[in-house]
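Got the model open in your viewer? Here is a short tour, stop by stop, with something to select at each one.

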Amino acid sequence: MKSSTTFLLQFLFISLTYLTIFSLSTSQPRNELPTSHHGMEKILHKLSQWRSHQLSSQNNNHNFNTIIAWILSFIASSVSSAGGVGGGSLFLSILTLVAGLNFKSATAVSAFMVSASSLVNVIYALCFLGDKSLVNYEITLLSQPCMLLGVSIGVLCNIMFPDWLITALFAVVLASSTAMTVKSGCKIWRCESEEKRVRVEDERERGAEVPLLLDQREGRGNESGEPNLIPWIDVMVLVMIWMCFFVLHIVLGDKHGKGVIDIKPCGVTYWSITISQIPIAIGFTAYILYTKRKEHEHENDVCGTNKARAIKGKFESLPRYVFSLAAILTGALSGLFGIGGGLIFNPVLIFIGVPPKTAAATSSLMVFFLSSMSMAQYILLGMKRINEAVIYGLICFAAASFGLVAIHRVIEKSGRNSLIVFLLAVVMALSTMTTTFFGAIDVWRQITNGDYMGFRLLC
């Protein structure tokens, strides 16, 4: 695994270096490609021509393409929901390549689809588990303010960075995360197999009947046997955080200055509101760290330090600020790449030791807050194709419900929580391949057309 990951990263680095050198050396439009020893350029030129023809001919079979897009969206949503991610990168590929939407419209429709998919996970976690909760609300509280701040930073970087750099960074980050997720899944699979082997041997030594299923303790309360009640106060704090950032974003509007009020882009008011997100995020995070520290001190006094540590997972021994730092980085990459964040944050949670079910449910809740904020902004700012977006949203809601129920039934029968990790890896691999492939073709078209390939100014 390590050697294959190293080879993949070396290949991406060499490709990025070649693309950088070539883009800097290209200053004039090129209508014809040289015929000598430029086989790679010829291949890319053919792919670019196919890409242009494919985009221009989609309107001829609009109804057929729409039906195919619905079917693919159903499949993508069911798999993504089971893996605990929104699936935004897959939705964007389907909407642009199959449904024939431009990137701006596809981004808005994708926000509805991700919101619907993640909403299913949230409803399941809040309503269908009774007094048991899969969501780790402490991680969510510590991460949400910084992730929303990171998204704003990532959007600013998206404006400045050239397309080729964004595509290359997306490929490197997602490829690394995919390899890390597969490695974590294999480790969890081995642990599950060893646990099952030891359990079977113990049962045989006692002469008891060997159970067919493993005891699934995850999601059935903590290890002390106490149920994980839903902390509604924490949920209300999350809603308050969402409202604060939503008001700021709706006032700022999009990158073209379109908001509920007229604010000059890059003016004093614009930057004042933008910078105000920093003290808001710091204030919420500091308050949450303080209250959670008090709660842990109370638990230690009541239960005793050793017992309190015994009922916690190994990830809970990490410093609390680690989740905030991981969230701000995840948010920045999400805003830069235009994805919901689940593809990045979920693997991080699994890597640090959060159980797969808990990681999927926690990540889905955070993705829902991010995508619902984008969806609400699109609606209030006069989004077009809203009827089409609602249809796609309903399809994804039904698909996510099917996928979530199916994966939990499979886990109950097999005793393999690692299946969630492998499903996540599949979604990440598909997202990496589709987005990188077509992104590279679009970048090549810009190069051959002589477009500007450097960094851009914010204002």
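Start by selecting Ser80, which you'll find in helix 3. This is a predicted model, so keep that in mind as you click around. Is Ser80 buried or exposed? With a relative accessibility of just 1%, Ser80 counts as buried, because the cut-off for that is under 20%. Now show what surrounds Ser80: setting aside the neighbours within four places in sequence, Ser80 is in contact with Val85, Gly86, Gly87, Leu90 and Val427.

Stay on helix 3, but move to Ile67. Here the picture changes: Ile67 is partly exposed, at 44% relative accessible area. Next, add Trp70, Ile71, Leu72, Phe74, Ile75, Ile391 and Phe402 to your selection; together with Ile67 they form a nonpolar patch on the surface, with about 710 Å² of accessible area in total. Two elements give two or more residues each to this patch, helix 3 (62-83) and helix 15 (386-414). Which of them gives the most? That's helix 3, with six residues.

Next stop, Arg416. Display the side chain together with Trp189: Arg416 lies over the face of Trp189, 3.8 Å from the ring centre. Then add Glu192, which forms a salt bridge with Arg416, with 3.7 Å between the closest N and O atoms. Trace the backbone on either side: Glu192 sits in helix 7 and Arg416 in the loop between helix 15 and helix 16, so this pair ties together parts that are 224 residues apart in sequence. Colour by accessibility and you'll see that Glu192 and Arg416 are both buried.

That salt bridge is one of four in the structure, so let's visit the others on our list. Slide along helix 7 to Arg197 and Glu194, which lie three residues apart, about one turn of the helix. They form a salt bridge with the closest N and O atoms 2.4 Å apart. Arg197 is partly exposed, at 38% relative accessibility, and Glu194 is partly exposed as well, with a relative accessible area of 38%.

Now select Asp234 and Lys292. How far apart are the closest N and O atoms of this salt bridge? The distance is 3.0 Å. The pair links distant parts of the chain, with Asp234 in helix 8 (residues 232-252) and Lys292 in helix 10 (residues 277-303), 58 residues apart. Check the accessibility here too: Asp234 counts as buried at 12%, and Lys292 is buried with a relative accessible area of 6%.

Last stop: the aromatics. The structure holds six aromatic pairs, and the one to select is Phe161 with Phe455. Turn the view until you have both ring planes clear: the pair is edge-to-face, 5.6 Å from centre to centre and with 90 degrees between the planes. Where do the two rings come from? Phe161 is in the loop between helix 6 (137-160) and helix 7 (163-206), while Phe455 is in the segment after helix 16 (418-448), so follow the chain across the 294 residues that set them apart. Finish by comparing their surroundings: Phe161 counts as buried at 19% relative accessibility, because the limit is under 20%, whereas Phe455 is partly exposed, with a relative accessible area of 49%.

Definitions and conventions. Residues numbered from 1 in each chain as written. Predicted model: local features only at pLDDT ≥ 70, side-chain atom pairs only at ≥ 80, totals over all residues. Heavy atoms only, no water. Patch = residues over 30% accessible without salt bridge, like charges linked within 9 Å, V, L, I, M, F, W, Y side chains within 5 Å. Areas by Shrake-Rupley, 256 points an atom, 1.4 Å probe, with all protein chains shown as cover. Salt bridge = Lys/Arg side-chain N within 4 Å of Asp/Glu carboxyl O. Helix = DSSP H or I, 4+ residues; strand = E, 2+ residues; numbered from the N terminus. Buried < 20%, exposed > 50% of the residue type's maximum accessible area, 1.4 Å probe, protein only. Phe/Tyr/Trp six-rings, centres within 6.5 Å; stacked < 30°, edge-to-face > 60°. Lys NZ or Arg CZ within 6 Å of the ring centre and 35° of its normal. Contact = heavy atoms within 4.5 Å.
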